[in-house]
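I'm opening my notebook to look up a couple of things in this structure. Holes come before charged pairs in my list.

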Amino acid sequence: MRWSAHTALTSLSTRHLRSLIRECTRRSSIDVGKKLHAAIITTGLAALADSFIYNALLHFHAACGSPVHARKVFDEIPKSHKDTVDWTILMGCLARHGMHRNGLDVFVEMRREGVRVDDIAVVCLFGGCARLGEVEIGVQGHGLMLKVGLSSSVKACNAAMDMYVKCGELGMARRVFEEMGERSVVSWTVILDGVVRWEGVGSGRVVFDAMPERNEVAWTVMIVGYVSVGLVREGFALLKEMVFGCALGLNYVTLCSFLSACAQSGDVVMGSWVHVYACKTMGSEMDVMVGTALVDMYAKCGRVDTALKVFQQMKYRNVVTWNAVLSGLAMHGRGRVVLKMFPQMLKVAKPDDLTFTALLSACSHSGLVEQGRHYFQNLEALYGVTPTIEHYACMVDVLGRAGHLEEAETLIKTMPMPPNEVVLGSLIGSCSVHGKPQLGERLLQDLVQIDPQNTEYHVLLSNMYALGGKKDKANLLRQGLKNRGIRKMPGMSSVYVGDQVHQFSAGDKSHGQTAEIYMKLNEMIQRLKVAGYVPNTACQVFSGSDNTDESIADDLEELEQALFSHSEKLAVCYGLMSTRAGSPLHIFKNLRICQDCHSAMKLVSLVYDREIVIRDRNRFHCFKQGSCSCSDYW
């Protein structure tokens, strides 16, 4: 005779039911656990007094990744049956799913109910504050921690320090650290992270050297700190000491951290070393996160072909991997390759909103207007993706770069959300390219309201005026910034030579080889002029002087000299004199490359027979044999 599920369940004691639920939790048996939950509800067993079945179900749903169900079950538990563990289980579940605001609300609710706060609850509170940047709530939590006697909890103090560090309050983090009676290696690592982040690697190294013991995270923080600021030699020395001296292995988290730092700084030397290490330790079964980080690193270091090769060799790929390679190709102006790969992606992965940001960006950088319109207009209908403000910004850029400024402005007016700085900034950039100062003026008024301290758009508009022969308006705009005490962000260019990064600003004379660099610059300018280079002085706007012939000639000479010493030209000169003939140069610039430098770099690549790859704030430019990969469309 077969028993029904109803008969089988009702014959069990509540203790056995709780054991069954706990076993589902332990084994992550989601389907079985859900069926058991449904059966418990239909049989009415959950309503039994003092059964504590809902408590067990709460733990099951929280552990198996269902914050919505966890919250519903939590609300079904009688107040008298909820203890501190139940509250912290819910807060932890919400935190793991990025629902940090909801987690803080639960903590407030917990305090209102008078439930005892333990160190786990405080850790959840500080974690939420750190993610949300809610330092005021964090300070109140710190006070509560002291009030309820948790200052002796190393775990709680570490969480408080981490919150202060992530909120930029290093002084408070130091205070907690100094008042701790007992410190763990995590305590030291948290304070190390804060010092490196807010005071720099010099101060960080002092803390690092003072640590009584170091874990993999501490080594990673210090090495990433060095790499991020271009101190490659120091970073490599520590990495070698970590791996060969201390025999510490690099797990996938550490590898991804190193690769992310290399991607940001453009350090392909260390990135390649990490690649070799990953291949040796992981073999063909490379972790998908490490593989994706490698694709991203190579693309952002200007080696997009290597990034594509790594992608093609990966055994396992997810949507993040596809997004990394599509974004990398888009940055390098290979829009048609992106459009060719997208149908292949659809066969194996479901695209998300970031996929279409990459797709539309590719259309923008390659002038593929019709294709951009197609994907943007079919985002929701064909792909089930609700357009975000990033998608609107990309589409405005697609239209603006192609000269469809009126259509771009109309699109902004029909947006379902207010335009942000990126959307408006994209269009004002297009106004600069296509010489539309009137529209630029209107956009600047809106941009000043959003970010009054941003100088980039004022400079774009002043350049538009200068190109249009309205020098007085251009100077007036810049003088207005000067009167308000707002300075233009200086252009900085970096070039890697050997295992060291060399950084230059416009007119820089701080380098140890300044004399040789400027001699090379003079030689380079002369050779470029012979090849047809004419300085584009409209790219350089100075305050006006009197209008005598002599002063105009002086002004012109001053403008040309300022153009010649732009940061990327100095970086190229140092690269030319410090590397072997014919080898490629990779330069990284924090601002958009100007038209004069773009024209000059094309000629440098021809005259010196060099491939020059420049990463500016928007994209990559690969100069080769007198032409650029962007086809002068950027």
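These are my entries on cavities and salt bridges, and I'm keeping in mind that the model is predicted.

**Entry 1: the cavity**

I searched the whole structure for cavities of 30 Å³ or more and got 1. Its volume comes out at about 40 Å³.

Next I looked up which residues line the largest cavity. The list I wrote down is Met91, Ala95, His100, Gly103, Leu104, Cys124 and Gly128. Helix H6 (84-96), helix H7 (100-112) and helix H8 (119-132) are the elements that each give two or more residues to this lining. I also checked which element gives the most, and that is H7, with 3 residues.

Then I sorted the lining by class: 4 residues are nonpolar, 3 are polar, and none are charged.

**Entry 2: salt bridges**

A reminder to myself: side chains of opposite charge can pair when their charged atoms come close. I got a count of 21 salt bridges, and I picked out a few.

**Entry 3: arginine 27 and glutamate 23**

In this salt bridge the closest N and O atoms are 2.6 Å apart. Both residues sit in helix H2 (residues 14-27), with their positions 4 residues apart in numbering, or about one turn of the helix.

Buried or exposed: which is arginine 27? Arginine 27 is exposed, because its relative accessible area is 58% and the cut-off for exposed is over 50%. Glutamate 23 has 29% relative accessibility, so I noted it as partly exposed.

This pair isn't on its own, either: Glu23, Arg26 and Arg27 are linked in a network of salt bridges.

**Entry 4: arginine 334 and aspartate 305**

Here the side chains meet in a salt bridge at 2.8 Å, N to O. This pair links distant parts of the chain, 29 residues apart. Arginine 334 is in the loop between helix H20 (319-331) and helix H21 (335-348), while aspartate 305 belongs to helix H19 (residues 304-313).

I looked up accessibility here too. Arginine 334 is partly exposed at 29%, and aspartate 305 is partly exposed at 48%.

**Entry 5: glutamate 523 and lysine 520**

My last pick is a salt bridge of 3.4 Å, N to O, between the side chains of glutamate 523 and lysine 520. How many residues apart are they in helix H31 (residues 514-530)? They are 3 apart, so about one helical turn separates them.

Glutamate 523 is partly exposed, with a relative accessible area of 32%. Lysine 520 has 17%, and it counts as buried because the cut-off is under 20%.

Notes
Residues are numbered from 1 along each chain as its sequence is written. This is a predicted model: local features need pLDDT of at least 70, side-chain atom pairs count only at pLDDT 80 or more; totals for chains, interfaces and linings use all residues. Side-chain values use heavy atoms; hydrogens and water are left out. On a 1 Å grid over the protein atoms alone, a cavity is a set of points where a 1.4 Å probe fits but cannot get out, and a pocket is an open set with protein on both sides within 12 Å along at least five of seven lines; lining residues have an atom within 4 Å of a point. Grid points are joined across faces, edges and corners, and a volume is the space filled by probe spheres set on the points. Ala, Val, Leu, Ile, Met, Phe, Trp, Tyr, Cys and Pro count as nonpolar, Asp, Glu, Lys and Arg as charged, and the others, Gly among them, as polar. A salt bridge is a side-chain nitrogen of Lys or Arg within 4 Å of a carboxyl oxygen of Asp or Glu. Buried means under 20% relative accessible area, exposed over 50%, partly exposed in between (1.4 Å probe, protein chains only).
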